[in-house]
Amino acid sequence: MFERLSRATVVAAAGATLLLTVATSPASAAFGPLPPANPYLGPVGTATMHGDAESSDSTPLPGPGTGGINADFHEEAAACPTILQGADGFPQALCTKITDRSPEVLLLDPNSGNTLATLDLTKGSLLGGVYAYLDEQNRMVTVDGSGNLLRIGHQRGGDGSWTLSIASKTPVSQAVTAHCGGGSCDEVAAVTPDYDGRVWFATDNGAAGYVDPATGAARAIELAPGETVANSISSAPQGVSIATDHALYQLNTDSSGNPQILWRQPYDRGPARKPGQLSWGTGATPTFFGPGSGTEYVAITDNAAPKENLLVFDTATGHSVCSVPAIDGTENSPIGSGNSLFVASTYGYPYPQLPANAGPSQPASASFTGGMTRIDVTGSGCSVVWTDTVPSAAVPRLSVADGKIYTVARYGALGSGSAGLLPSGSAGGVADTYKFTVIDAATGTVDSAQSLGATTVQDTLQMVGTIAPGRVQYQGTLSGLFRITPR
């Protein structure tokens, strides 16, 4: 976008959504179970960018539905990829300002979406200004550019006005940079809590570790020399999953409390970055899912050419469960729910600007046409269940309550997708339109598509939509956010 306004701002890309199921007759099976609730997170479905610690991109809450909607746009002069909501009902957004690309936290009015309070954070790594979560006390947790793990609370004054303030600050920079000799050689890309309350992090340059909230001590290890992290990280009762630009890792701690790699699975990273991607490697945050505990499997996509594969591994052992050609390319994390996964393709998505270190894509340009696919994983392998042509311009979210996939579709002036071949970093067609789109997860049928607008400010840039209680959906855009409700 205007740089990489945020990984999630520029990150969730394209228009193919893929569903994977581990059932014999998934078309008739109910979705779920949801992954277990992490006791150190806020409510399931609204506490992280991808909904929960497992990054399932599924929610127990019903979405706005297929009827008429009210779509109220709130201009923030910032891209807002992360919109979360705590148990107290107050939405909070982590946004990246357009002017200087620095992060800011917004507290929103739950009844209107209006901004109640703001708090500027120290600028650092782009990903550090994107990935955050809400803890069990409704505080936003993130790492700022000064190398501090922050917990940000909100309070109401005697005059009725609201403020945001830093409730606690824990230095982590020494552990973050230890693997490269200290200094300012590395920064935190993403954070998530494990099931023992430790706050795990991954860094831009491939280190991983955790902060112990009880002592403030931070420990880290290098995953592998020369590898980088360009997505968020996920946790389940079995451990923490991190995808670098070369491999998928499962981590936990050893008997001395040090971070330990349980298993590593390399993947095909392809010959180069693809158009519609922001880095050379997987575009996926790892997704835990499963039909029993909800975390038996973990999935990512690779970067193989010409088709990327959906990869599923056994969480406990790292053994391959399934690999199936799925989409041309994606910058999106799979949705996971019980026996099912969805992956959204981002191939050719026209970002206004790319990260400085993105490198050239191969090919140099491509059309964004979109499309979604459902794949089932059965006892005998993987099979495609359905394919459609929805040009998804946001990370889709699955509601297990109503069986619908909620996203925003982008249509070019000439029809499906953003029209034409677009050079890397192009903003796409100025006449493109954006439609709030609801898809039946069982069949791939589009149940409804309603216009949100046709200007650059409505560009959802492959950011995640968050479904909140009351059938409210928040959707970030290039310069603000939508609050979408049933009419």
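This is a dialogue between a student and a tutor about reading a predicted model.

Student: Where should I begin, and how many helices and strands does the protein chain have?

Tutor: Begin with the overall make-up of the predicted model: the protein chain has 2 helices and 37 strands. Of its 487 residues, 62% are buried, and the chain exposes about 15400 Å², of which carbon and sulfur atoms supply 51%. If you take the contacts between residues at least 6 apart in sequence, 60% of them join residues at least 24 apart.

Student: How do I read a pair of strands, and in which sense do β18 and β19 pair?

Tutor: A general idea helps here, namely that in a regular strand the side chains alternate between the two faces of the sheet. In this structure, strand β18, residues 247–253, and strand β19, residues 259–266, pair in the antiparallel sense over 7 bridges. One place to look is L251, whose bridge partner in β19 is I261. The hairpin of these two strands has 5 residues between them, and there G257 takes a positive phi near 85°.

Student: How do I read a disulfide, and which cysteines form one here?

Tutor: In general, a disulfide is a covalent bond between the sulfur atoms of two cysteines. The structure holds 1 disulfide, formed by C80 and C95, with their sulfur atoms 2.2 Å apart. This pair links distant parts of the chain, since C80 lies in strand β4 (residues 78–85) and C95 in strand β5 (residues 91–97), 15 residues apart. The torsion about the S-S bond of C80 and C95 is about 105°, so the disulfide is right-handed. Both C80 and C95 are buried.

Student: Is T466 buried or exposed, and what does its side chain reach?

Tutor: A residue is called buried when its relative accessible area is under 20%; T466 has 4%, and is therefore buried. T466 lies in strand β35, which covers residues 465–468, and its side chain reaches the backbone oxygen of I83 at 2.8 Å. Leaving aside residues up to four places away in sequence, T466 touches several others, among them G45, T46, R397 and Y474.

Student: Where is N111, and why is N111 called exposed?

Tutor: The word exposed applies over 50% relative accessible area, and N111 is exposed because its relative accessible area is 65%. You will find N111 in the loop between β6 (103–108) and β7 (115–120). Sequence separation and spatial separation can be read side by side here: N111 and F90 are 21 residues apart in sequence, and their C-alpha atoms are 9.1 Å apart in space.

Definitions and conventions:
Residues numbered from 1 in each chain as written. Predicted model: local features only at pLDDT ≥ 70, side-chain atom pairs only at ≥ 80, totals over all residues. Heavy atoms only, no water. Pairing = 2+ DSSP bridges. Helix = DSSP H or I, 4+ residues; strand = E, 2+ residues; numbered from the N terminus. Buried < 20%, exposed > 50% of the residue type's maximum accessible area, 1.4 Å probe, protein only. Contact = heavy atoms within 4.5 Å. Areas by Shrake-Rupley, 256 points an atom, 1.4 Å probe, with all protein chains shown as cover. Polar contact = N/O pair within 3.5 Å; in protein donor to acceptor, adjacent residues only side chain to side chain. Disulfide = S-S within 2.5 Å.
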